[in-house]
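Visitor: I am new to protein structures. Please take me through this one by question and answer.

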Amino acid sequence: MSFVSRGFRRRQEPDAPSDRVPPGQYVTHDFPVLSAGPTPRIGLDEWRFEIIGQVDKPRGWSWQEFTSLSAEDVTVDIHCVTKWSKLDSRWHGVPVDALLDGAKTSADHVMAHSYGGYTTNLPLEDLTGGRAWIAYEYDGEPLEPEHGGPARLLVPHLYFWKSAKWVRALELRDTDTPGFWEGYGYHNYGDPWREQRYSGD
Amino acid sequence: MAGTAVLRRLTWAIAEVVDRVGETPRVQSLTFDVPDWPGHLPGQHIDVRLTAEDGYRAQRSYSIATPADGTRVTITVERLEDGEVSSYLTDVLEISDRVELRGPIGGYFVWEPARGGPLGLIGGGSGVAPLMAMLRARVGAGSAVPVRMLCSWRMAEDVIYAAELAAIASEGDGISITHTLTRSAPEGWSGRRGRFDREALSQLTWPPAMEPLTYVCGPTGFVEVVASVLVELGHEPRRILTERFGPTGG
């Protein structure tokens, strides 16, 4: 290590084992918010979630249908590219595996679309295998709009901008194109353990 | 909503502190000379990385408070009680010390004169910093874009860039600046008191029919309220750009 910041030292004892906190991150106990615009307000009677794109049969659910699906409680660590990590966050939602069950697709890529216009791109394989959910409760309560409610994508093994708030559709695609932040220079994949914050990391 | 930023690998540069201005007892502006700085747009930010002798590292993001100016980059840092990075930057770092930084980062929450207006800038506390970069760009370019800037502070002692904002406001030139104090105001305070609520925002912001472009930056609660009220008042959501500061240590 060549560069040392004169007079800088760790002030806080780490309050988490280092194997839970990716490089460059710090642990927070709050739940900060990062959004590019106003928080969209979506009524539950108009809310729909859909699987669209390169799929044999597009499928969609109303709020009532969606919340009748079998859902899981998950406790995961989440990591925001703005440097905070939150350990043991508790969610309730439907596994993406269940939503894709039986779907025939040639797609390798997914674009998540949100109410309000936000998008983010991910490999399809990162949304399957028990690694992603559409979550609609946080800490035992309905998910607040500012944190992505009524429902958000939850992909905790990638930086949290990939966990699209206010999600309305997963579009299965044969080709990969950048989503919203990816188009502004954020990393296309976003693995916190490899510190893939920005394009080229 | 497609991005327009040039995708360029962001490498860490070793930057030297060349100027320091105490804005308030808790807030300082630090100017760095950054070798090979590629320039930036008002509203973008940098990541600062500190490394201790034992190898411990900490990183934080700071908005740039100035428009592009060669290899000079200025950030405004609020000292947070538990903030190991912010307290290092405000208490320890001296002129000619060096830090590692990289950027510019972000390409959405940006404004330059070519984007036009009318321009609304609404900031809470140190959230005014990226808005100051936009205002300074507007003034420096001699642009005619009309600006309404609203700044919310807790107390008069918290006002940053006070003299510069007063000078810009007194020039007029299509720029109005309104300060409000939310906690306490000294005798003789000529600005507003209390939070920017619906009534204040409907009076002080551009009418939605003028299709203004509005940038809101501050703590999460502040931004949530202001952006929601603007939507309720009829502003087009896609013309409201936000940047939120989490209530976390820095």
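Visitor: How many residues does helix H5 of chain B have, and how far does H5(B) reach from its first C-alpha to its last?
Guide: This is a predicted model, in which local features need pLDDT of at least 70 and side-chain atom pairs count only at pLDDT 80 or more, while totals for chains, interfaces and linings use all residues. Residues are numbered from 1 along each chain as its sequence is written, with chains lettered from A and ligands numbered from 1 in the order in which they are written. Helices (H or I, at least four residues) and strands (E, at least two) are DSSP runs, numbered from the N terminus. The expected span of a helix is 1.5 Å times one less than its number of residues; for H5(B), residues 220-232, that is 18 Å, and the helix, with 13 residues, comes close to this by reaching 18 Å.

Visitor: Which residues of H5(B) are buried?
Guide: A residue is buried if 20 or more other C-beta atoms lie within 10 Å of its own, exposed if 12 or fewer, and partly exposed in between, with C-beta atoms placed from the backbone. By that rule the buried residues of H5(B) are Thr220(B), Phe222(B), Val223(B), Glu224(B), Val226(B), Ala227(B) and Leu230(B).

Visitor: What do the buried residues of H5(B) pack against?
Guide: Packing here rests on contact, meaning that the C-beta atoms of two residues, placed from the backbone, lie within 7 Å. The partners in chain B are helix H4 (198-204) and four strands by name: E7 (119-124), E8 (147-153), E11 (213-219) and E12.

Visitor: In what order do the strands of the open sheet in chain B stand?
Guide: Strands of a sheet pair through backbone hydrogen bonds, either parallel or antiparallel. Two strands count as paired if DSSP finds at least two bridges between them. The open sheet has 6 strands with parallel pairing, and their order is E10-E9-E8-E7-E11-E12.

Visitor: Why is one side of strand E10 and of strand E12 of chain B left without a neighbour in the sheet?
Guide: E9(B), residues 175-181, pairs with E10(B) over 2 bridges in the parallel sense, and Thr180(B) stands opposite Arg192(B) there. E10(B) (192-193) and E12(B) (240-245) stand at the edges of the sheet, so each has a single partner strand.

Visitor: How many residues of E8(B) are buried?
Guide: E7(B) and E8(B) run parallel and are joined by 6 bridges, with Gly124(B) opposite Ser152(B). Val147(B), Met149(B), Cys151(B) and Trp153(B) point one way from E8(B), while Arg148(B), Leu150(B) and Ser152(B) point the other way, and all are buried. The strand is therefore largely enclosed by the rest of the structure, the count being 7 of the 7 residues.

Visitor: Which helix gives the largest share of the largest nonpolar core?
Guide: A nonpolar core is a set of buried Ala, Val, Leu, Ile, Met, Phe, Trp, Tyr and Cys residues joined through C-beta atoms within 7 Å. The largest core has 112 residues, and Ile134(A), Leu121(B), Leu131(B), Tyr215(B) and Val226(B) touch the most other members. The largest share, 8 residues, comes from residues 128-140 of chain B, that is, from helix H2.

Visitor: How many of the 13 residues of H2(B) are buried?
Guide: Among the buried residues of H2(B) are Val128(B), Leu131(B), Met134(B) and Arg138(B). The helix is largely enclosed by the rest of the structure, because the buried residues number 10 of the 13.

Visitor: What separation do the centres of the two domains of chain B have?
Guide: Domain bounds come from an automatic or database domain assignment, which gives domain 1 (13-105) and domain 2 (113-245). Where they meet, 12 residues of domain 1 are in contact with 13 residues of domain 2. Taken over C-alpha atoms, the distance between the centres is 24 Å.

Visitor: Which strands pair with E1(B) in the antiparallel sense?
Guide: E1(B) and E2(B) form a hairpin with 2 residues between them, paired over 7 antiparallel bridges. A further 4 bridges, also antiparallel, join E1(B) to E6(B), residues 98-105. The partners are thus E2(B) and E6(B).

Visitor: How many residues does each chain give to the contact between chain A and chain B?
Guide: Ala, Val, Leu, Ile, Met, Phe, Trp, Tyr, Cys and Pro count as nonpolar, Asp, Glu, Lys and Arg as charged, and the others, Gly among them, as polar. The contact takes 37 residues from chain A and 45 residues from chain B. By class, the chain A side has 15 nonpolar, 15 polar and 7 charged residues. The numbers asked for are 37 for chain A and 45 for chain B.
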